[in-house]
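These are my notebook entries on a structure that I went through residue by residue. I record what I looked up, in the order in which I looked.

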There are 2 protein chains.
Amino acid sequence: MAGKEDLKLLGLLVSPFVIRVRMALSTKGVSYEYVEQDLFNKSELLLKSNPVHKKVPVLIHNGKPLCESLVIVQYVDELFAGPSILPTDLYERATARFWAAFVDDKLCPAWIGILKAKTEDERAEKVTETSAAIGQMEEAFDKCSEGKAFFGGDSIGYLDIVFGSCLFWFEAVRRMFGVEIISANKAPLLTAWAERFRESAEAKEVVPGADEAVQYANKLAAAAAK
Amino acid sequence: MAGKEDLKLLGLLVSPFVIRVRMALSTKGVSYEYVEQDLFNKSELLLKSNPVHKKVPVLIHNGKPLCESLVIVQYVDELFAGPSILPTDLYERATARFWAAFVDDKLCPAWIGILKAKTEDERAEKVTETSAAIGQMEEAFDKCSEGKAFFGGDSIGYLDIVFGSCLFWFEAVRRMFGVEIISANKAPLLTAWAERFRESAEAKEVVPGADEAVQYANKLAAAAAK
C-alpha cells in the first residue's frame with residue numbers, strides 16, 4: 001500500500017472479535033487510531049458505520065467502514081504488505097476458513113452460552129457443547145499444525161488469531177463457574193498451544209487479563225437482570 | 001491450474017448451498033463429477049469427507065475434501081483461472097463477504113425457519129424476520145450494484161451466487177404458505193434482480209424448479225413428524 005492510510009478502529013477492550021482485528025493490524029505493522037466504544041450507550045459513529053449489526057469491531061479505512069471480524073482480518077491481510085495471515089497454500093487457506101467458521105458458528109455460541117445461561121441445566125448443556133467443540137478443535141490442531149507451534153505453522157496465523165482471541169475469556173469462565181474449557185488431559189495439544197499463544201508478543205500487546213473479562217461479564221449480567 | 005484435476009462434488013439437487021458450488025465451478029468452466037447424496041441415508045464417503053458437519057456440499061479435489069459452501073466457492077475462485085467470482089477491488093470484496101455472511105447468518109435461518117416452524121406464531125415470527133432481512137438486502141443491492149444488473153456488476157458474482165441460490169426456495173415457500181418473500185412493491189430492485197438471475201444461463205444450468213423444492217420440503221416434514 002502506497003500513500004497515507006487513515007485507519008480508525010471502533011472497539012471494545014474485552015471483545016475477542018476486536019482483538020482479532022488488532023492482532024491482524026499488528027501483524028502487518030500498521031498503525032491505527034483505536035476508539036473504545038461504550039456498548040451500553042452506542043456512539044453515533046458506531047450506529048452509522050455498522051447500521052446492520054450495530055456491533056464492534058468496525059474498521060474505518062479512509063472514511064469507509066468495514067464490519068465483521070473475519071471480513072476485516074481478511075481485508076487487512078489482502079491490503080497490507082507484511083507477513084501473510086491466511087495460509088498462502090490454497091487448500092490450507094480453505095481449511096483455516098473452515099475452522100474459523102466453526103469457531104464462530106459452533107464454539108463461540110457454546111462458550112458464550114455458558115456465561116449467558118439462565119439456569120444450571122442450560123449452563124450444563126452449554127458446557128457439554130463447548131467440550132464437544134474443543135474436542136474437534138484439538139483434532140483440527142493436530143491436522144493443521146503438522147507438529148508445529150501454531151495452527152498457522154511456526155508463527156501465529158489466521159486460525160490462531162480467530163480462536164486465540166477467546167482464550168482469556170476461558171479463564172474468566174473458569175473463575176466464574178469453575179469450568180475448565182481447555183484441560184490438559186482432554187486437550188493436551190490445545191493446552192500447549194494456548195500457553196504459546198498467551199506468551200506471544202502479538203497476544204501480549206492487545207489481550208487483556210481475565211479480570212477485565214470477569215468485570216465485563218458481571219456488568220452485562222447486571223444489565224440483563226434490570 | 002496446470003495438469004489434470006480430479007473434482008468430485010457430493011451434492012443434493014435442491015440444496016442452495018450445493019447450487020452455489022455448481023455455479024462457481026460453471027463460472028470457471030471446470031468439469032467435475034457430480035454425486036447426488038441421500039441425506040436420509042448418508043454415504044460413507046460423505047461421513048468420511050465431512051465428519052464435522054456431515055452435510056453437503058463437499059468438493060473433493062484430488063482426494064482432499066473441502067466443506068462449507070462459502071469456503072468452497074472462494075477456493076474455486078482462487079484456484080481456477082477464468083472470470084473472477086469475488087470482486088477484485090478489496091473493499092468491494094470485503095463488502096460482498098459481509099453480505100454473504102448476512103445471508104447465511106440472518107436471511108437463511110429466517111426463511112428456512114418459515115418451512116420448519118411448528119406453530120403459526122412461530123411461522124409469523126420467521127416471516128417478519130425474513131422480511132426485515134430482505135429489506136436490508138434491498139438496500140445492499142442499491143449500494144453494491146451501483147445501478148448495474150447484479151450485485152457483482154454487469155455479470156453474476158459472489159453475492160449473486162450466494163443469495164440467488166435461495167430464490168427457487170422462495171417460490172416454494174409462496175406455494176406452500178402463501179408468503180411472498182420478495183415482493184415488487186417492497187423490494188423492487190431485488191424483484192428485477194431475481195428475474196435477471198433466474199434468466200441467466202448460469203442459473204438455468206443448475207437451479208431446479210420450485211416443484212422439486214416443495215417435494216423435498218414435504219419429504220423433510222414427513223420425516224420430522226415420524
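**Entry 1. A loop asparagine in chain A**

I began with Asn50(A), which I located in the loop between H2 and E3 of chain A. I note at the outset that this is a predicted model. Is Asn50(A) buried or exposed? I found a relative accessible area of 3%, and because the cut-off for buried is under 20%, Asn50(A) counts as buried.

I then asked what surrounds this residue. Leaving aside neighbours within four places in sequence, I listed Lys55(A), Val58(A) and Cys67(A) as the contacts of Asn50(A). I also looked up the polar side: the side chain of Asn50(A) reaches the backbone nitrogen of His53(A), at 3.1 Å. For a distance along the chain I took Asp38(A), 12 residues from Asn50(A), and read 15 Å between the two C-alpha atoms.

**Entry 2. Cis peptide bonds**

I stayed with the loop between helix H2 (44-49) and strand E3 (58-61) of chain A, where Pro57(A) lies. The peptide bond joining Val56(A) and Pro57(A) is cis, and I read omega as about 0°.

I turned to chain B for the corresponding entry. Val56(B) and Pro57(B) are joined by a cis peptide bond with omega near 0°. I placed Pro57(B) in the loop between helix H2 (44-49) and strand E3 (58-61) of chain B.

**Entry 3. Positive phi outside glycine**

I looked up two residues of chain A for their backbone angles. Asn62(A), a residue other than glycine, has a positive phi near 45°. I found Asn62(A) in the loop between E3 and strand E4 (64-67) of chain A. With a relative accessible area of 42%, Asn62(A) is partly exposed.

For Glu146(A), also a residue other than glycine, I read a positive phi near 50°. Glu146(A) sits in the loop between helix H5 (120-145) and helix H6 (158-164) of chain A. Its relative accessibility is 59%, and so I entered Glu146(A) as exposed, the cut-off being over 50%.

**Entry 4. A serine in helix H5 of chain B**

I placed Ser145(B) in helix H5 (residues 120-145) of chain B. Ser145(B) is buried, at a relative accessible area of 3%. Where does a polar atom of its side chain find a partner? I found the backbone oxygen of Phe141(B) at 2.7 Å from a polar atom of the Ser145(B) side chain. Not counting residues up to four places away in sequence, I recorded Phe150(B) and Phe151(B) as residues that Ser145(B) touches.

**Entry 5. The interface of chains A and B**

I next looked up the contact between the chains. Chain B gives 24 residues and chain A gives 24 residues. The two chains bury about 2300 Å² between them, with 67% of that area on carbon and sulfur atoms.

How many salt bridges cross this interface? I counted 4 by the rule. One that I examined joins Glu78(B) to Arg97(A), with the closest N and O atoms 3.1 Å apart. I also entered 6 residue pairs in polar contact between chain B and chain A, both residues being at pLDDT 80 or more.

I then asked which elements build the side of chain B that touches chain A. Those that give two or more residues are strand E4 (64-67), helix H3 (69-79) and helix H4 (90-116) of chain B. H4(B) supplies the largest share, 11 residues. By type, I divided the residues of this side into 14 nonpolar, 3 polar and 7 charged.

I checked the burial of H3(B) separately. This helix is mostly covered, with 10 of its 11 residues buried. Among the buried residues I noted Tyr75(B), Val76(B), Asp77(B) and Leu79(B).

**Entry 6. Aromatic rings**

I recorded 26 aromatic pairs over all chains. One of them is the edge-to-face pair of Tyr75(A) and Tyr91(B), at 6.4 Å centre to centre and with 80° between the planes. This pair crosses between chains: Tyr75(A) is in helix H3 (residues 69-79) of chain A, and Tyr91(B) is in helix H4 of chain B. I found both Tyr75(A) and Tyr91(B) buried.

Last, I looked up an aromatic cluster in chain A. Its members include Trp111(A), Phe141(A), Phe151(A), Trp169(A) and Trp193(A).

Key: Residues are numbered from 1 along each chain as its sequence is written. Chains are lettered from A and ligands numbered from 1 in the order in which they are written. This is a predicted model: local features need pLDDT of at least 70, side-chain atom pairs count only at pLDDT 80 or more; totals for chains, interfaces and linings use all residues. Side-chain values use heavy atoms; hydrogens and water are left out. Contact means heavy atoms within 4.5 Å. Buried area is the accessible area (1.4 Å probe) that two parts lose on being put together, summed over both. A salt bridge is a side-chain nitrogen of Lys or Arg within 4 Å of a carboxyl oxygen of Asp or Glu. A polar contact is a pair of N or O atoms within 3.5 Å; within protein, one must be able to donate a hydrogen and the other to accept it, and residues adjacent in sequence count only if both atoms are side-chain atoms. Helices (H or I, at least four residues) and strands (E, at least two) are DSSP runs, numbered from the N terminus. Ala, Val, Leu, Ile, Met, Phe, Trp, Tyr, Cys and Pro count as nonpolar, Asp, Glu, Lys and Arg as charged, and the others, Gly among them, as polar. Rings of Phe, Tyr and Trp (its six-membered ring) pair if their centres lie within 6.5 Å; planes under 30 degrees apart count as stacked, over 60 as edge-to-face and the rest as tilted. Buried means under 20% relative accessible area, exposed over 50%, partly exposed in between (1.4 Å probe, protein chains only).
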